[in-house]
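This report walks through the strands, the core and a few single residues of one chain. Keep the structure in view while reading.

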Amino acid sequence: MAITNFTGQRLGSFTTISASTAVTVTYPDRTDFLLIEAHQHPVRITFDGTTPTATLGFRLAADTPYVVSVGQETTLKMIATADNPAIYIQAFRTKEDVNT
C-alpha cells in the first residue's frame with residue numbers, strides 16, 4: 001500500500017518493538033498519528049489501555065502500513081499474534097500543527 005498525499009512532520013526516531021507480550025506504546029508529545037507496520041505476523045492493538053490478546057483488539061495485518069490517529073488521552077497497547085514479531089512505528093504531527 002502506497003502512502004500518498006502525506007503532509008506531516010516526523011517526530012522522534014523510528015522505533016522497532018518486539019511485542020510477544022502486550023506492551024504500551026509511547027510516543028512524543030504533540031503526536032497526531034503513528035505509522036505502524038507489523039512484519040511477517042499480524043498484531044492486535046487497543047486504544048483505551050485494555051490489554052490486547054491474540055483474539056482481543058483491532059487486528060492489523062502483516063506487511064501493511066497503517067496510519068493510526070492518536071491523542072493525549074489515547075493509551076495504545078499492542079501484541080503480536082505469533083513469535084518473533086517486528087513492529088515498526090514512526091510518530092508524526094500534522095502539517096497544520098507544525099507552525100504552532
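**The S1-S8-S3-S6 sheet**

This is a predicted model. In it, strands S1 and S8 pair in the antiparallel sense, over seven bridges. Thr-15 has Ile-89 of S8 as its bridge partner. S8 also pairs with S3, antiparallel and again over seven bridges. Here Leu-35 stands opposite Gln-90 of S8. Four bridges then join S3 to S6, and these two strands run antiparallel. Leu-35 takes part there as well: its bridge partner in S6 is Val-67.

Together, four strands make an open sheet in the order S1-S8-S3-S6, with antiparallel pairing. S1 and S6 (66-69) are the edge strands, each pairing on one side only. Neighbouring strands of this sheet are turned by 25° against each other on average, direction ignored. Strands of a sheet pair through backbone hydrogen bonds, either parallel or antiparallel.

**The S2-S7-S4-S5 sheet**

A further open sheet has four strands in the order S2-S7-S4-S5, and its pairing is antiparallel. S2 (23-24) and S5 (58-60) stand at the edges with a single partner strand each, so one side of each is left without a neighbour in the sheet. S4 spans residues 43-46 and pairs with S5 in the antiparallel sense over three bridges. Arg-44 stands opposite Arg-59 of S5.

Val-23 lies in the edge strand S2. Is Val-23 buried, partly exposed or exposed? Its relative accessibility is 24%, so Val-23 counts as partly exposed; the cut-off for buried is under 20%. Leaving aside neighbours within four places in sequence, Val-23 is in contact with Ile-17, Leu-76, Lys-77 and Met-78. The C-alpha atoms of Val-23 and Ile-79 are separated by 6.6 Å, although the two residues are 56 residues apart along the chain.

**The nonpolar core**

Which residues of the largest nonpolar core touch the most other members? The core has 18 residues, and the answer is Val-25, Leu-34, Ile-36, Val-43, Met-78, Ile-87 and Ile-89. The elements that give two or more residues to this core are S1 (8-17), S3 (33-39), S4, S7 (77-80) and S8 (86-94). In soluble globular proteins, nonpolar side chains tend to be buried together.

Take Ile-89, the bridge partner of Thr-15. Not counting residues up to four places away in sequence, Ile-89 touches Ser-13, Phe-14, Thr-15, Ile-17, Val-25, Leu-34, Leu-35, Ile-36 and Met-78.

**Gln-90 and the aromatic pair**

Gln-90 lies in strand S8. At 6% relative accessibility, Gln-90 counts as buried. Where does its polar side chain reach? It comes to the backbone oxygen of Leu-11, at 2.9 Å. Beyond four places in sequence, the contacts of Gln-90 are Arg-10, Leu-11, Gly-12, Ser-13, Phe-14, Phe-33, Leu-34 and Leu-35.

The model has two aromatic pairs. One of them is formed by Phe-33 and Phe-92: it is stacked, with 5.4 Å centre to centre and 10° between the planes. This pair links distant parts of the chain, with Phe-33 in S3 and Phe-92 in S8, 59 residues apart. Both rings belong to buried residues: the relative accessible area is 11% for Phe-33 and 9% for Phe-92.

**Two positive phi values**

Most residues other than glycine have a negative phi, and most peptide bonds are trans. Gln-40 and Asp-63 depart from that sign: phi is near 75° in Gln-40 and about 60° in Asp-63.

Where do they sit? Gln-40 lies in the loop between S3 and S4. Asp-63 is found in the loop between S5 and S6. Gln-40 counts as exposed because its relative accessibility is 61%, and the cut-off for exposed is over 50%. Asp-63 has a relative accessible area of 45%, so it is partly exposed.

The table collects the relative accessible areas.

| Residue | Relative accessible area | Class |
|---|---|---|
| Gln-90 | 6% | buried |
| Phe-92 | 9% | buried |
| Phe-33 | 11% | buried |
| Val-23 | 24% | partly exposed |
| Asp-63 | 45% | partly exposed |
| Gln-40 | 61% | exposed |

How values were computed:
Residues numbered from 1 in each chain as written. Predicted model: local features only at pLDDT ≥ 70, side-chain atom pairs only at ≥ 80, totals over all residues. Heavy atoms only, no water. Pairing = 2+ DSSP bridges. Core = buried A, V, L, I, M, F, W, Y, C linked by side-chain atoms within 4.5 Å. Buried < 20%, exposed > 50% of the residue type's maximum accessible area, 1.4 Å probe, protein only. Contact = heavy atoms within 4.5 Å. Axes fitted to C-alpha atoms, helices over the stretch in contact; angles between N-to-C directions. Polar contact = N/O pair within 3.5 Å; in protein donor to acceptor, adjacent residues only side chain to side chain. Phe/Tyr/Trp six-rings, centres within 6.5 Å; stacked < 30°, edge-to-face > 60°.
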